[in-house]
Amino acid sequence: MFSNFSSETLLTLSSLGFSSIYIYPAFVFGTLFYLIIVFCNLLVLTTIAVSKKLHKPMFILLFSLPVSDIVGATAFFPHLVFSILTQNRLISSEACITQAFFVHFYGTGNLMFLTAMAYDRYMAICSPLKYNAVMNSQNLLRIICLIWFLNFALMFTLFMLLARFKFCRTNIADWYCNNPSLLKLVCSDITLNNYYGLFTIILDMGAPLILILYTYAQILFTCVKTNNTNGRKKAIQTCSTHLVVFLVLQVNTTFTLISHRFENASPFLRRALGVSVLIFPPFLDPLIYGLRTRELRQCMVVFLKRNFSFTK
């Protein structure tokens with residue numbers, strides 16, 4: 001994918017620190033955890049795809065979230081479990097930069113789609129009369145295509161700027177490859193990369209945060225004014241869950257990226273929060289949106305009974 005990186009250059013990821021007695025349990029656990037993530041996200045994808053009842057703006061936007069989650073989990077877990085089993089933390093520069101690209105692509109995509117879903121809830125609750133006109137199929141397609149294109153363009157540019165350099169070091173400071181840890185391997189002037197990196201952080205983190213806070217403030221204000229107690233409770237419950245998912249992803253990602261710029265930041269905390277971004281959202285997203293969203297949960301049960309029932 002990035003031909004400027006020599007496949008002969010081997011980099012060393014930070015040690016996982018596993019004792020030999022935990023190698024096989026960790027390998028089995030990691031493999032099962034990855035398979036569960038893929039299965040649950042594919043289940044959400046398939047259920048939305050085959051259930052006409054779910055062909056609504058909220059679920060069409062939600063459809064992209066498990067796609068992004070699978071990308072992130074696949075970028076991280078296969079190499080992780082392989083390195084656990086072989087006790088080999090070496091990775092080629094091409095494989096490392098590819099992993100880093102898809103890790104960043106996943107994180108940015110999740111933040112963007114969660115923001116789009118928040119806007120959908122804002123329109124549905126605060127401007128219900130305009131909802132069908134604004135969130136029609138054409139606008140939905142534009143929003144989804146714009147998010148994927150903007151995400152790809154930002155990340156591709158980020159790593160093309162990195163591809164200008166040759167590495168003069170080989171030890172990566174994290175448990176997986178990412179842009180800040182790769183920049184630490186470069187001995188040339190990386191001022192442009194730092195400025196662009198800050199730009200992407202502000203755009204990818206700041207803009208969604210402002211939009212999320214604004215939309216949910218408006219939703220909360222509207223819910224407080226309404227006389228429909230059940231509707232208010234349902235709206236607040238749905239939005240609070242969505243907000244927690246977003247803030248956890250936002251805070252952990254921001255700390256992981258920014259902490260590379262401060263030498264006194266805890267390396268262990270940075271690594272732990274960085275890994276949590278790749279583990280918990282892909283695992284929890286299908287559970288949260290699958291179990292807490294009544295329509296999706298009902299359609300999922302029907303789909304499972306129809307396709308995996310062995311009783312006559």
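**Notebook: fold, surface and salt bridges**

Started with the secondary structure: I get 10 helices and 2 strands for the chain. This is a predicted model, so I keep that in mind throughout. Walking along the sequence, I read the order as β-α-α-β-α-α-α-α-α-α-α-α. The radius of gyration is 21 Å, and the globule rule gives 20 Å for 312 residues, so I can call the chain as compact as a globular protein of that length.

Next, the box. Along the principal axes, the C-alpha atoms take up roughly 65 × 55 × 35 Å.

Then burial and contacts. I find 47% of the 312 residues counted as buried. For contacts with a separation of 6 or more, I looked at how far apart the partners sit in sequence: 81% come from residues 24 or more positions apart.

Surface next. The accessible area of the chain is about 16,200 Å², and carbon and sulfur atoms own 67% of that.

Charges. I have 24 positive side chains against 10 negative ones. The centres of the two sets are 16 Å apart.

How many salt bridges does the structure hold? I get 3. Notes on each follow.

**Glu295 and Lys56.** The closest N and O atoms of this salt bridge are 2.6 Å apart. Glu295 sits in helix 10 (residues 294–308), while Lys56 is in the loop between helix 1 (23–50) and helix 2 (57–86), so the pair ties together parts 239 residues apart in sequence. I checked accessibility for both ends. Glu295 comes out partly exposed at 22% relative accessibility. The cut-off for buried is under 20%. Lys56 is partly exposed too, with a relative accessible area of 35%.

**Asp120 and Arg121.** Here I see the two side chains meeting in a salt bridge at 2.8 Å, N to O. Are these residues buried or exposed? Asp120 is buried, and Arg121 is buried as well.

**Asp174 and Arg270.** I read 3.0 Å, N to O, for this salt bridge. Which parts of the chain does the pair tie together? Asp174 is in the loop between helix 5 (137–162) and helix 6 (179–183), and Arg270 is in helix 9 (residues 267–292), so the link is between parts 96 residues apart in sequence. Both Asp174 and Arg270 are buried.

Wrapping up my salt-bridge page: Glu295 is partly exposed, as is Lys56, whereas Asp120 and Arg121 are buried, and so are Asp174 and Arg270.

Technical notes:
Residues numbered from 1 in each chain as written. Predicted model: local features only at pLDDT ≥ 70, side-chain atom pairs only at ≥ 80, totals over all residues. Heavy atoms only, no water. Helix = DSSP H or I, 4+ residues; strand = E, 2+ residues; numbered from the N terminus. Rg over C-alpha atoms; globule rule 2.2 N^0.38 Å. Buried < 20%, exposed > 50% of the residue type's maximum accessible area, 1.4 Å probe, protein only. Contact = heavy atoms within 4.5 Å. Areas by Shrake-Rupley, 256 points an atom, 1.4 Å probe, with all protein chains shown as cover. Lys, Arg positive; Asp, Glu negative; His and termini not counted. Charge placed at Lys NZ, Arg CZ, Asp CG, Glu CD. Salt bridge = Lys/Arg side-chain N within 4 Å of Asp/Glu carboxyl O.
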